[in-house]
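This report concerns charged side chains and cysteines in one protein model. Please examine the sequence and the structure shown below before reading on.

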Amino acid sequence: MFHQSHFTILLLSLFVQAPSLFSISLDSIKSLGLPVITIETVDGEEPACEYVDHPEGMAGYGIRNATKVPGRLTITLGDEVLYDSGPYAKNVGGMRIKIRGNSSAYPQKKPYKMKLEAGADLLLRGDEETYSDKDWLLIKDPDLRQSIGYETSRLMGMEWTPGYRYVNVAMNGDYRGLYLLCEPVERNTRCRINVSETGYIVESDAYFWNEDLYIPSSLRPFGWTLKYPDADNITEERLVWLTSELAGLEDALSGNSYAERIDVESFARWLLAHDILGTWDSYGSNLFIARYDTLDSKVRMPVLWDFDTIFRMEGAWANVHHERFFFHHMLASEDDTFKRAYLWLWNETHQAVFEGMLSYIDSYAASEETSAVDASMRLDAERWNSGYTCLGDHLDKARAWFRRREAWLDERITEEIGALHIEESHYSPIEQTGPAYNAWGMPVSSGYTGIIIEGGKKYIIKSQ
């Protein structure tokens, strides 16, 4: 299904992990005040990869053949050991680490994916039964945009927001910098995306050309790549079914029957979140869809991911809002269900989202973690000889964005969607039909309003 027209292997000396001339003791790293992830690989082997150019007529730069290096991982806070994977032993203990990402893998500081041999909750949330998993990420987040994006996701009521925490990382005795330790987008029926064995999670992927298996798309100049089931485990029969399923979905999205195939509110919620954040990169604002089972569930957009280019659309919609992808078609459709859902979500959530984000920024600025993250950002910049901007400046920029953005969006939504004379009362997201729980896990009655969890999914119940 995939034929790569050409490979360009770049000079690896430009991109492989350079021997560090920067020396700092582990005790000094611990003194910064953040949890420290220490990785010791077998024989001191460094993760490596090949760097590849895009085929003719496509875009982007990626990596291939990333080595999975075995080793041991520990997490400490001060002198206390919070977690120890033990030495590497397949299916018993330890971990494997590899370089991840596409263009983000090109600078000397690398993003990583880690796979534990025995599942654990590296975020140490106190409930291993719920949060245990083998797969974890170390993401670069030099300006707090990723964490701000996740907090916006949480306030928007997305079905799943990855857990995360800032950490410092040392590998083989070398300080690698400040990272965001977080959960990847994947199926986990307890704590991540609760897709049944008959369901799927796929991504509309700008880097599809770098995958051995993808499903072509007619709506975007991309291909669909598989998160669940993965390419190594999908049967030919299921691949044929999924190809037909996605083709039918795209036909519905580009016409007037989309509401029969998708959970409209989850699509509207995803777009509104990016409009609030002002995301520039419509190609890289990773677009994941999921169908929870093949019996009666509609296709949903469960998660926001990748916030590298937020705060860049001053006085404009997020680029994905109007480019000729999914949302352009639904906004232009004769069926105004999507527009009604978008308007309803704005009216129901925007005050809480903007007030919540300003409160979060102020609370974080006053927290004990702030000085630890700021000191780590300074040391990271010194380690990689990159520019340093203090954490307070990043928070000020985010604060200013949220203060300006609400008024602009309110005006534009009123002019472009509210002006269509849509009666928002015609849109009702859900009728509570079974046992439901609030966001704190407490059972609620049928008259409850606000965020509820029902059947493993998250909803907002508007005022009765």
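Is R412 buried, partly exposed or exposed? In this predicted model, R412 is partly exposed, with a relative accessible area of 22%. The cut-off for buried is under 20%.

**Salt bridges**

R412 forms a salt bridge with E415, and E415 is likewise partly exposed, at a relative accessible area of 41%. Both residues lie in helix α10 (residues 391-416), three residues apart, which means that about one helical turn separates them. Side chains of opposite charge can pair when their charged atoms come close.

The structure holds 26 salt bridges in total. Three of them are set out here, among them the pair just described.

| Salt bridge | Closest N and O atoms |
|---|---|
| D84 and R72 | 2.8 Å |
| R269 and E265 | 2.2 Å |
| E415 and R412 | 2.4 Å |

The salt bridge between D84 and R72 links distant parts of the chain: D84 belongs to strand β5 (residues 80-84) and R72 to strand β4 (residues 69-77), 12 residues apart. D84 is partly exposed at 36% relative accessible area, and R72 is partly exposed at 35%.

R269 and E265 stand four residues apart in helix α5 (residues 264-277), so about one helical turn lies between them. R269 is buried, with 5% relative accessibility, and E265 is buried at 8%.

**Cysteines**

A search of the whole structure finds zero disulfides. C49 counts as buried at 7% relative accessibility, and C191 is buried with a relative accessible area of 10%.

Conventions: Residues are numbered from 1 along each chain as its sequence is written. This is a predicted model: local features need pLDDT of at least 70, side-chain atom pairs count only at pLDDT 80 or more; totals for chains, interfaces and linings use all residues. Side-chain values use heavy atoms; hydrogens and water are left out. A disulfide is a pair of cysteine sulfur atoms within 2.5 Å. Buried means under 20% relative accessible area, exposed over 50%, partly exposed in between (1.4 Å probe, protein chains only). A salt bridge is a side-chain nitrogen of Lys or Arg within 4 Å of a carboxyl oxygen of Asp or Glu. Helices (H or I, at least four residues) and strands (E, at least two) are DSSP runs, numbered from the N terminus.
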